[in-house]
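Reader: Hi, could you walk me through this structure while I look at it? I'm new to this, so I'll probably ask a lot of short questions.
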Amino acid sequence: MNNKDIKKLCSIIDYNFNNDLYLETALVHSSYLNENESYQKNNQRLEFLGDAVLELVITEELFLNNLNMREGKLSQLRSKIVSEQALYKIAKDINLGMFIKFGRGEYKADGNYRASIMADALEALIGAVYLDGGLSSAKKVVLSLCDENIRAALSNKINIDYKTLLQEFSQRDSKKEVEYVLREEKGPDNNKTFFYDLFLNGELLAKGEGSSKKKAQQMAAKECLIKLGEIYE
């Protein structure tokens with residue numbers, strides 16, 4: 001990263017690194033090492049660390065500010081806030097993909113738009129802040145980045161829109177056509193289950209079912225994204 005990029009990203013997350021090497025390592029995808037022998041580290045270890053820091057900070061925030069909430073509900077909220085799709089949205093909002101170093105093959109495959117890679121890089125960035133400035137600095141960055149997700153989760157408004165994620169993928173990947181086909185309906189009118197097949201450029205890639213057409217399509221889109229490697233289960 002050049003100094004201009006470092007300053008820009010530091011401004012976005014409102015944190016200035018004492019050691020820029022932590023930041024640079026957080027933004028090196030494993031594919032970059034295959035083509036650049038001068039780099040010996042990628043962001044995978046920082047991702048591992050950042051994942052733990054993120055979970056700790058969010059756990060503490062929920063625990064201290066929701067004193068009457070049961071453990072099961074706290075776990076459910078935390079899972080939503082730190083989910084891959086929630087982190088992907090944050091990474092996309094701060095344009096994190098433009099700072100990540102990729103190998104040529106991964107870059108051509110639009111790795112800087114892939115949900116799993118973007119979420120991993122965000123966790124690595126959090127790990128880098130933790131190593132550079134300690135837990136207090138990491139906590140400040142995490143709570144700032146996740147503020148909208150925390151409020152949305154507490155108001156039960158955080159939902160993962162898999163159909164939109166799939167549409168974004170299809171538009172950047174040679175504008176592939178996504179089609180949802182209702183295969184069948186089961187059950188009485190007041191308790192129906194809908195079954196959808198999802199076709200990508202005419203090829204059946206996924207199936208989904210749900211209590212409404214919208215939910216069934218969302219589940220089909222989720223399964224398709226998993227098969228495409230865009231998200232993990």
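Author: Gladly; let us begin with one pair of charged side chains, Arg151 and Asp147, which form a salt bridge whose closest N and O atoms are 3.0 Å apart. Please keep in mind throughout that this is a predicted model.

Reader: OK, and how far apart are Arg151 and Asp147 in helix α8?
Author: They are four residues apart in helix α8, so about one helical turn separates Arg151 from Asp147.

Reader: Is Asp147 buried, partly exposed or exposed?
Author: Asp147 is partly exposed, because its relative accessible area of 36% falls between the 20% limit for buried and the 50% limit for exposed.

Reader: Why would side chains like that pair up at all?
Author: In general, side chains of opposite charge can pair when their charged atoms come close.

Reader: How many salt bridges does a search of the whole structure find?
Author: The search finds nine of them, and one that deserves a careful look is the salt bridge between Lys89 and Glu148, where the closest N and O atoms are 3.5 Å apart.

Reader: What does the pair Lys89 and Glu148 tie together?
Author: Lys89 lies in helix α6, which covers residues 84-93, while Glu148 lies in helix α8, so this pair ties together parts that are 59 residues apart in sequence. Both partners are partly exposed, with a relative accessible area of 35% for Lys89 and 46% for Glu148.

Reader: And Asp189, which residue does its side chain meet in a salt bridge?
Author: The side chain of Asp189 meets that of Lys192, at 3.7 Å from N to O. Asp189 counts as exposed, since its relative accessibility is 72%, and the cut-off for exposed is over 50%.

Reader: Which residues are joined into one network by salt bridges that share partners?
Author: Those are Lys89, Asp93 and Glu148, so the Lys89 and Glu148 that we have just discussed appear again here.

Reader: Changing topic: which residues does UniProt list for "active site"?
Author: The UniProt record, which is an unreviewed entry, lists Asp51 and Glu123 under that heading. The two are spread over 73 residues of sequence, and yet they cluster in space, with a largest C-alpha distance of 5.4 Å.

Reader: Where do I find Asp51 and Glu123 in the helices?
Author: Look for Asp51 in helix α4, residues 44-65, and for Glu123 in helix α8, residues 115-154.

Reader: Buried or exposed, what about those two?
Author: Asp51 is partly exposed at a relative accessible area of 34%, whereas Glu123 is buried, because its value is 7% and buried means under 20%.

Reader: What is Glu123 in contact with?
Author: If we leave aside its neighbours within four places in sequence, Glu123 is in contact with Leu46, Glu47, Gly50, Asp51, Leu54 and Leu87, and you will notice that Asp51 from the UniProt listing is among them.

Reader: Which residues make the nonpolar surface patch?
Author: Leu56, Tyr130, Leu131 and Leu135 make that patch, which covers about 340 Å², and helix α8 gives the most to the patch, with three residues. Tyr130 has its place in helix α8 and is partly exposed, with a relative accessible area of 31%.

Reader: Last one: how is the protein divided into domains?
Author: It is divided into domain 1, which runs over 3-155, and domain 2, which runs over 162-228, and the C-alpha centres of domain 1 and domain 2 lie 29 Å apart.

Terms used:
Residues numbered from 1 in each chain as written. Predicted model: local features only at pLDDT ≥ 70, side-chain atom pairs only at ≥ 80, totals over all residues. Heavy atoms only, no water. UniProt positions renumbered as here; feature names shortened; annotations may be inferred. Helix = DSSP H or I, 4+ residues; strand = E, 2+ residues; numbered from the N terminus. Buried < 20%, exposed > 50% of the residue type's maximum accessible area, 1.4 Å probe, protein only. Contact = heavy atoms within 4.5 Å. Patch = residues over 30% accessible without salt bridge, like charges linked within 9 Å, V, L, I, M, F, W, Y side chains within 5 Å. Areas by Shrake-Rupley, 256 points an atom, 1.4 Å probe, with all protein chains shown as cover. Salt bridge = Lys/Arg side-chain N within 4 Å of Asp/Glu carboxyl O. Domains from an automatic or database assignment.
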